[in-house]
Amino acid sequence: MGVAGVAMVVAGGLVSISIASTATVSLLRAAFMVRTASGYLMYSRPYCKKVDFKKLRPMILKRIEDRAKHYPIRRMIPVAEDVLKSRAAVIHGVSVLLKVFSVMTCKFCPEVYIGKEGHLIKTCRGYRRQTKNQVHCWVPGSLNDILVPVEAFHLQNMSQGEIRHHQRFDFDRIPAVLELCWQAGVDPSNAHLYQRVQQDDSGNGEPLPSQGLLSVSTRTLRAWESLRTSVQKLLLVYPAKVCQHCSEVHIGPSGHKARLCGIFKFESWRGTHFWKKAEVDDLIPPKMVWHRRPQDPPVLIDDRRDYYGHAPAVVDLCIKGGASAPSSYHCAMKLEGYPGPRLACRKLSVN
């Protein structure tokens, strides 16, 4: 038989056994087994099960403060700067492309389509979802329909205390991506900190030549991919939370206590959020749209909806400008897919 070193606590006293046989260890282990009412044997724990969280709270808060001392990480500062540069390039590029291509949005739901006319696919849920599977009512869209703004509370540092419900108006709301960059070490005096998604009207309104349109589309698509990749790197280091039931985002180790969750919108008061780890799509929504391929009809119809593909709005806009689609989107876009069976000719009209 082998030997083993054992040190165990029995009934409040310390029993130290330097060298014991395997059989002795089994006998000591049996001393902690109790018989339940149903006759089964189980191990009893020698320590108390009750935990005094009031005594642990100062230790937990102290640990959070000590962890915040290691932030920001210097090696991640260039990544945060790349996020700001890529974000500015995407906003500028999309603003220029919107002067060339039309964007339509539904009047009663968040559906967006890039084209002079909307599609006839019946996916509108109507105002407050009172009706379902209806044809969309199209109106001209804007930059915020392509780049969906996501804002978060602006904190002074990561170790700052939780924001209570009555303190929600004491903190500024800034874009969540900029808040993430600020906590990653970007200079707080940077002009990008309070920059929201706004249309860039610096152009003269003249149509772009084909080469200029291709260049703008390619740079915008490259900046879009760089933006998402850099934000993914920051999220691996800096914590961010998103509500499970709504789109509220909080940059920090724990969420806030403001009772603004949309799941309780039908109640007289709104409840607190249910937080989970945030991903790239939570901070930078891709805003998926229907992608019209060359083999598709001029107006997408509902009968062939199973044959059409999807793409993020920014990607679809850049592709219409002449940029090449990244291979990661080919499957969702169904580029070489079957256009569907030939249908009887009929007049297509869009509201």
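In this predicted model, G255 makes contact with E162, K241, H250 and W275, when neighbours within four places in sequence are left aside. G255 belongs to the loop that runs between strand 11 (249-251) and strand 12 (275-277). The protein chain as a whole contains 9 helices and 14 strands, and buried residues account for 36% of its 351 residues. Of the contacts in the protein chain with a separation of 6 or more, 65% are between residues 24 or more positions apart.

**The loop residue G255**

- The relative accessibility of G255 is 9%, so this loop residue counts as buried, the limit being under 20%.
- G255 and W275 lie 20 residues apart along the chain, and their C-alpha atoms are separated by 6.4 Å.
- W275 is also one of the residues in contact with G255.

**The sheet of strands 6, 5 and 7**

- Three strands form an open sheet in the order 6-5-7, and their pairing is antiparallel.
- Strand 6 (112-114) and strand 7 (138-140) are the edge strands; each has a single partner strand, and therefore one side of each has no neighbour in the sheet.
- On average, neighbouring strands of this sheet are turned by 35° against each other, direction ignored.
- Strand 5 (residues 103-106) is joined to strand 7 by 3 bridges, the two strands running antiparallel.
- Within this pairing, C106 has W138 of strand 7 as its bridge partner.
- Strand 5 also pairs with strand 6 in the antiparallel sense, over 3 bridges.
- Here T105 has V112 of strand 6 as its bridge partner.
- Strands 5 and 6 make up a hairpin, with 5 residues between them.
- In a regular strand, side chains alternate between the two faces of the sheet.
- In strand 5, V103 and T105 point one way, while M104 and C106 point the other way.
- All of these strand 5 residues, V103, M104, T105 and C106, are buried.

**Packing of helix 3 against helix 6**

- Helix 3 (residues 77-98) packs with helix 6 (residues 210-235) at an angle of about 145°, and the two axes are 8 Å apart.
- The crossing of helix 3 with helix 6 is left-handed.
- On the helix 3 side, the contact includes V79, A80, V83, S86, V90, G93, V94 and L97.
- On the helix 6 side, the contact includes L213, V216, T220, A223, W224, L227, V231 and L234.
- By class, this contact of helix 3 with helix 6 comprises 15 nonpolar, 6 polar and 3 charged residues.
- The charged residues in the contact are D82 and R87 of helix 3 and K233 of helix 6.
- An α-helix has 3.6 residues a turn, so residues three or four places apart point the same way.

**T220 in helix 6**

- T220 is located in helix 6.
- With a relative accessibility of 2%, T220 counts as buried, because the limit is under 20%.
- Apart from neighbours within four places in sequence, T220 touches V90, G93, V94, V314 and C318.
- V90, G93 and V94 among these partners belong to the helix 3 side of the contact with helix 6.
- V314 and C318, also in contact with T220, are among the buried residues of helix 8.

**Helix 8 and its surroundings**

- Helix 8 (residues 313-320) has 7 of its 8 residues buried, and is therefore largely enclosed by the rest of the structure.
- These buried residues are A313, V314, V315, D316, L317, C318 and I319.
- After helix 8 comes G322, which has a positive phi near 110°.

**H291 and its link to helix 8**

- H291 is placed in strand 13 (residues 288-291).
- At a relative accessibility of 4%, H291 counts as buried, since the limit is under 20%.
- The side chains of H291 and D316 are joined by a polar contact of 2.6 Å.
- D316 is itself one of the buried residues of helix 8.
- Not counting residues up to four places away in sequence, H291 touches D296, G309, H310, A311, D316, I319, M333 and L335.
- Of these contact partners, D316 and I319 are listed among the buried residues of helix 8.

Definitions and conventions: Residues numbered from 1 in each chain as written. Predicted model: local features only at pLDDT ≥ 70, side-chain atom pairs only at ≥ 80, totals over all residues. Heavy atoms only, no water. Pairing = 2+ DSSP bridges. Helix = DSSP H or I, 4+ residues; strand = E, 2+ residues; numbered from the N terminus. Axes fitted to C-alpha atoms, helices over the stretch in contact; angles between N-to-C directions. Buried < 20%, exposed > 50% of the residue type's maximum accessible area, 1.4 Å probe, protein only. Polar contact = N/O pair within 3.5 Å; in protein donor to acceptor, adjacent residues only side chain to side chain. Contact = heavy atoms within 4.5 Å. Left-handed = near helix turned anticlockwise from the far one by under 90°.
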